[in-house]
Amino acid sequence: QVQFVESGGGLVQPGGSLRLSCTNSGNIFSIYGAGWYRQTPGKQRALVARIINSASTSYADSVKGRFTISRDNAKNTVYLQMNSLNAEDTAVYYCNTALRLQPWGQGTQVTVSS
């Protein structure tokens, strides 16, 4: 069974940075790519960034130029570097595959507040 474990969230001031990490026990990211998603109360979970291979990444308009997705296939890990954070980035962040969603993990809370 695929299990995702997200980490790296926390409380950060506006303009700050965080780096999220997500691991899984197998090589599913190599097969279906990887994505980061986020959800706020009362809203649907939305795709933030995805990476299909090292040369194919895409981002939601709201995070372009601020967030960077990357992955380490050898470690079955995907990262999300988040810079210039603002209050609208406050959410629970989840990882999953990019092309074939699997059961969700617990997510990691990111709170941007002064």
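A polar contact is a pair of N or O atoms within 3.5 Å, where within protein one atom must be able to donate a hydrogen and the other to accept it. I keep that criterion at hand for the first entry, and I note that the model is a predicted one.

**Entry 1: Asn96**

I looked up Asn96 and found its place in strand 9. A polar atom of the Asn96 side chain lies 2.8 Å from the backbone oxygen of Gln102. This separation falls within 3.5 Å, so I record the pair as a polar contact. I then asked whether Asn96 is buried or exposed. Its relative accessible area is 0%, and Asn96 is therefore buried. Leaving aside neighbours within four places in sequence, I listed the contacts of Asn96; among them are Phe4, Phe29, Tyr37 and Trp104. The list also includes Gly33, Ala34 and Gly35, as well as Leu101, Gln102 and Pro103.

**Entry 2: The disulfide**

I searched for disulfides and found one in the structure. Cys22 is joined to Cys95, with an S to S distance of 1.7 Å. Which elements does this pair link? Cys22 belongs to strand 3, residues 18–24, and Cys95 to strand 9; the two cysteines are 73 residues apart and connect distant parts of the chain. I noted both Cys22 and Cys95 as buried.

**Entry 3: Salt bridges**

How many salt bridges does the structure hold? I counted three. As background, side chains of opposite charge can pair when their charged atoms come close.

I took Arg38 and Asp89 to begin with; their side chains meet in a salt bridge at 3.0 Å, N to O. The pair spans distant parts of the chain, with Arg38 in strand 4 (residues 34–39) and Asp89 in the loop between strand 8 (77–82) and strand 9 (91–96), 51 residues apart. Arg38 and Asp89 are both buried.

I next examined the bridge between Asp89 and Arg66, for which the N to O distance is 2.8 Å. Arg66 sits in the loop between strand 6 (56–59) and strand 7 (67–72), 23 residues from Asp89, and this pair also links distant parts of the chain. Arg66 is buried, as is Asp89. Through shared partners, the salt bridges join Arg38, Arg66 and Asp89 into one network.

The remaining bridge I looked up is that of Lys64 with Asp61, whose closest N and O atoms are 3.1 Å apart. Asp61 has a relative accessible area of 65% and is therefore exposed.

**Entry 4: The largest nonpolar core**

I turned to the largest nonpolar core, which has 24 residues. Which of these touch the most other members? They are Phe29, Trp36, Phe67, Val78, Leu80, Met82 and Tyr93. I also noted the elements that give two or more residues to this core. They are strands 3, 4, 5 (46–53), 7, 8, 9 and 10 (108–112), together with helix 1 (28–32).

**Entry 5: Positive phi**

I checked for positive phi in residues other than glycine and recorded Asn76, with phi near 50 degrees. Asn76 is in the loop between strand 7 and strand 8. Ser84 likewise has a positive phi, near 50 degrees, and lies in the loop between strand 8 and strand 9. Its relative accessibility is 43%, so I entered Ser84 as partly exposed.

**Entry 6: Thr108**

I located Thr108 in strand 10. At 9% relative accessibility, Thr108 counts as buried because the limit for that class is under 20%. The Thr108 side chain reaches the backbone nitrogen of Gly9 at 3.0 Å. Setting aside residues up to four places away in sequence, I found that Thr108 touches Glu6, Ser7, Gly8 and Gly9, along with Leu20, Ala91, Val92 and Tyr93. I also looked up the separation of Thr108 from Gln13, 95 residues apart along the chain, and their C-alpha atoms are separated by 17 Å.

**Entry 7: Leu99**

My last query concerned Leu99, in the loop between strand 9 and strand 10. Is Leu99 buried or exposed? Its relative accessible area is 53%, and the class for values over 50% is exposed, so I entered Leu99 as exposed. Not counting residues up to four places away in sequence, Leu99 touches Tyr32, Arg50 and Ile52. The C-alpha atoms of Leu99 and Ala34 are separated by 7.8 Å, although these residues are 65 apart along the chain.

How values were computed: Residues numbered from 1 in each chain as written. Predicted model: local features only at pLDDT ≥ 70, side-chain atom pairs only at ≥ 80, totals over all residues. Heavy atoms only, no water. Salt bridge = Lys/Arg side-chain N within 4 Å of Asp/Glu carboxyl O. Helix = DSSP H or I, 4+ residues; strand = E, 2+ residues; numbered from the N terminus. Buried < 20%, exposed > 50% of the residue type's maximum accessible area, 1.4 Å probe, protein only. Disulfide = S-S within 2.5 Å. Contact = heavy atoms within 4.5 Å. Core = buried A, V, L, I, M, F, W, Y, C linked by side-chain atoms within 4.5 Å.
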